[in-house]
Amino acid sequence: MTMDDRMIVCLGCQAVNRVPQGRVLTLAKCGRCSELLATPHPVEITSEQMRLLEKKDTGAFIVDLWAPWCGPCRMMAPHYDSAAQRLQGDVRFYKINTDQHPDASIRLNIRGVPTLIAWKGGRELAKQAGAPGGAALERWVRDIFGLASTSH
Ligand SMILES: [Zn+2]
């Protein structure tokens with residue numbers, strides 16, 4: 001194992017997989033259940049799955065804490081999806097419905113929705129209250145994780 005390897009939790013079977021830094025995440029499969037470890041779209045997770053990611057996952061991921069009644073959340077959703085597609089090799093995009101999982105809001109210190117949290121290396125790197133629009137969202141994610149921009 002090198003320092004660049006990432007420990008990636010499989011949300012299907014909860015196995016922890018070692019994935020080399022250069023490997024595209026959406027092509028990596030779980031060693032135990034063979035499910036893909038990431039998808040090119042945001043994935044809804046539970047508070048329990050988030051706790052597992054916090055404890056055992058060292059890769060880069062974003063969590064969007066949202067609610068069905070929240071207008072800005074709905075407006076941000078297509079931009080969130082497009083960022084997930086464009087950054088699918090490096091970053092996973094998750095969503096937590098705070099109406100269904102109010103305990104996650106409390107544990108993660110969320111004061112309003114939407115709130116985005118960036119995680120890597122098993123710790124919270126950044127938290128953003130409110131919805132960055134359009135290209136600002138992808139730029140925010142790239143800046144936090146130090147990913148080069150594909151365009152100028
Ligand atoms: Zn698995």
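Start by selecting Q14, which sits in the loop between strand 1 and strand 2. Keep in mind as you go that this is a predicted model. Q14 is not a glycine, yet its phi is positive, at about 70 degrees. Buried or exposed? Q14 has 14 other C-beta atoms within 10 Å, so it counts as partly exposed.

Now widen the selection to the two strands on either side. Strand 1 covers residues 6-9 and strand 2 covers residues 16-19; they run antiparallel and are joined by four bridges. For one of the pairings, pick M7 and look across to strand 2, where its bridge partner is R18. The two strands form a hairpin with six residues between them, and Q14 with its positive phi belongs to that hairpin.

**Zoom out**

Colour the whole chain by secondary structure. You should be able to count four helices and seven strands. Trace the chain from the N terminus and the elements come in the order β-β-β-α-β-α-β-α-β-β-α.

Next, the overall dimensions. Taken along the principal axes, the C-alpha atoms fill a box of roughly 40 × 40 × 25 Å. How does the radius of gyration of the protein chain fit with a compact globule? A compact globule of 152 residues would have a value near 15 Å, and the chain has 15 Å, so the two agree.

If you colour by burial, 31% of the 152 residues come out as buried. Contacts are worth drawing too: take those between residues at least 6 apart in sequence, and 61% of them join residues at least 24 apart.

**Two helices**

Select helix 2 (residues 71-86) and helix 4 (residues 135-145) together. Two packed helices are described by the angle between their axes and the distance between the axes. Here the axes come within 9 Å and cross at roughly 45 degrees. Helix 2 and helix 4 are therefore oblique to each other. As for handedness, helix 2 passes helix 4 in a right-handed crossing.

Which residues meet there? Show side chains for H79, Y80, A83 and R86 on helix 2, then for L137, E138 and V141 on helix 4; these are the residues that meet.

**The loop after helix 3**

Move to the loop between helix 3 (102-107) and strand 6 (115-120), where you will find P114. Display the backbone from V113 to P114: that peptide bond is cis, with omega near -5 degrees.

Stay in this loop between helix 3 and strand 6 and select N109 as well. Like any residue flagged on a backbone plot, it deserves a look at its angles: phi of N109 is near 60 degrees, a positive value in a residue other than glycine. N109 has 10 C-beta neighbours inside 10 Å, so it counts as exposed.

**Last stop: A129**

Finish in strand 7 (residues 123-129), which holds A129. Buried or exposed, then? A129 counts as exposed, because it has 12 C-beta neighbours inside 10 Å and the cut-off for exposed is 12 or fewer.

What does A129 touch, leaving aside its neighbours within four places in sequence? Select R111, G112 and T115, and you have its contacts. Then draw a distance from A129 to D64: the two are 65 residues apart in sequence, while their C-alpha atoms are 10.0 Å apart in space.

Note on methods
Residues numbered from 1 in each chain as written. Predicted model: local features only at pLDDT ≥ 70, side-chain atom pairs only at ≥ 80, totals over all residues. Pairing = 2+ DSSP bridges. Rg over C-alpha atoms; globule rule 2.2 N^0.38 Å. Buried ≥ 20, exposed ≤ 12 C-beta atoms within 10 Å, placed from the backbone. Contact = placed C-beta atoms within 7 Å. Axes fitted to C-alpha atoms, helices over the stretch in contact; angles between N-to-C directions. Parallel < 35°, antiparallel > 145°, perpendicular 65-115°, else oblique. Left-handed = near helix turned anticlockwise from the far one by under 90°.
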